[in-house]
Amino acid sequence: MKTTEDKRFIIEEKSGYNSIIGRLLSMMDYTRMTTLEAVNNLTAKELDYRIDVKGNSIGCLLYHMACVEEVYQIITFEERDPTEKELQKLEVGLNLGDKAHQIIHNKEIEFYREQLNRVREHTLERFREKEDSWLDEVSPFGPNNVANNYFRWFHVFEDELNHRGQIRLIRQHMKRNQEG
């Protein structure tokens, strides 16, 4: 069996973090790597493409991912709901739709990478401060549920995985349109 130094398929502890948090971050790292691979070398026009001029563009979905992560930083690390000012800043990216497409367009891939990297760097900084037991802390989740921090951060990268699937579908549709 041939082995390499590539550890992309190894979920393991991460230096500088508690054990379980490191494993969670390892999964988040893999998710982000595959998301960025899915959008590698796209032009601004391709990032703005919408199937049948409806739905979300790849660019809007990338922006959404950064906004979701940022709102969960506030909810979990700061243990509070976002302020009105924070919600206004994040609203377009969180809600998506036509309004988001009107605002989030004509951006090169580097704009989205910078957004995603900036937010992730803050996430990594804040996770360094946490013990594994913090993941088990439970608090209200929506009007009728509770969730622990582990679920919340699982949800952050679950959301990214779902939208990465949409990105791949949009790319396939775009490719078929360009060929046909």
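How far is the sulfur of Cys 60 from the closest cysteine sulfur, and why is there no bond between them? The distance is 10 Å, the closest cysteine sulfur being that of Cys 67, and this is too far for a bond. A disulfide requires two cysteine sulfur atoms within 2.5 Å. The relation holds from the other side as well, because the sulfur of Cys 67 has its closest cysteine sulfur in Cys 60, at 10 Å, again too far for a bond. The structure, which is a predicted model, holds 0 disulfides. Cys 60 is buried, because its relative accessibility is 0%. Cys 67 is also buried, with a relative accessible area of 5%.

**Nonpolar core**

In soluble globular proteins, nonpolar side chains tend to be buried together. In this model, the largest nonpolar core comprises 43 residues. Val 39, Ile 58, Leu 62, Phe 127, Trp 153 and Ile 167 have the most contacts inside this core. At least two core residues come from each of α1 (19-39), α3, α4 (84-95), α6 (109-128) and α7. The largest share is that of α3, which supplies 13 residues.

Ile 58 illustrates how residues distant in sequence are brought into contact: leaving aside neighbours within four places in sequence, Ile 58 touches Val 39, Leu 42, Glu 46, Leu 47 and Tyr 49, and also Ile 167, Ile 170, Arg 171 and Met 174. Two of these partners, Val 39 and Ile 167, are themselves listed with Ile 58 among the core residues that have the most contacts.

**Pockets**

Rolling a probe the size of a water molecule over the atoms shows where empty space is left. The two largest pockets are set out below.

| Pocket | Volume | Lining by class |
|---|---|---|
| Largest | about 250 Å³ | 6 nonpolar, 4 polar and 5 charged residues |
| Second largest | about 160 Å³ | 2 nonpolar, 1 polar and 6 charged residues |

The largest pocket, of about 250 Å³, is lined by 15 residues, of which Ile 75, Glu 79, Ser 139, Pro 140 and Arg 152 are the closest to its centre. Two or more lining residues are given by each of α3 (58-77), β1 (138-141) and α7 (149-179). The greatest contribution is that of β1, with 4 residues. Both α3 and α7 therefore have a part in the lining of this pocket and in the largest nonpolar core.

The second largest pocket is lined by Lys 7, Arg 8, Ile 10, Glu 12, Glu 13, Lys 14, Ser 26, Asp 29 and Tyr 30.

**Loops and backbone**

Most residues other than glycine have a negative phi, and most peptide bonds are trans. Asn 41 has a positive phi, near 70 degrees. This residue is in the loop between α1 and α2 (44-48) and is exposed, with a relative accessible area of 65%. Asp 52 likewise has a positive phi, near 50 degrees. Asp 52 belongs to the loop between α2 and α3, and its relative accessible area of 55% makes it exposed.

Val 53 also lies in the loop between α2 and α3. Although a nonpolar residue, Val 53 counts as exposed, because its relative accessibility is 67% and the threshold is over 50%. The C-alpha atom of Val 53 is separated by 34 Å from that of Glu 121, a residue 68 places away along the chain.

How values were computed. Residues are numbered from 1 along each chain as its sequence is written. This is a predicted model: local features need pLDDT of at least 70, side-chain atom pairs count only at pLDDT 80 or more; totals for chains, interfaces and linings use all residues. Side-chain values use heavy atoms; hydrogens and water are left out. On a 1 Å grid over the protein atoms alone, a cavity is a set of points where a 1.4 Å probe fits but cannot get out, and a pocket is an open set with protein on both sides within 12 Å along at least five of seven lines; lining residues have an atom within 4 Å of a point. Grid points are joined across faces, edges and corners, and a volume is the space filled by probe spheres set on the points. Buried means under 20% relative accessible area, exposed over 50%, partly exposed in between (1.4 Å probe, protein chains only). A nonpolar core is a set of buried Ala, Val, Leu, Ile, Met, Phe, Trp, Tyr and Cys residues joined through side-chain atoms within 4.5 Å. Contact means heavy atoms within 4.5 Å.
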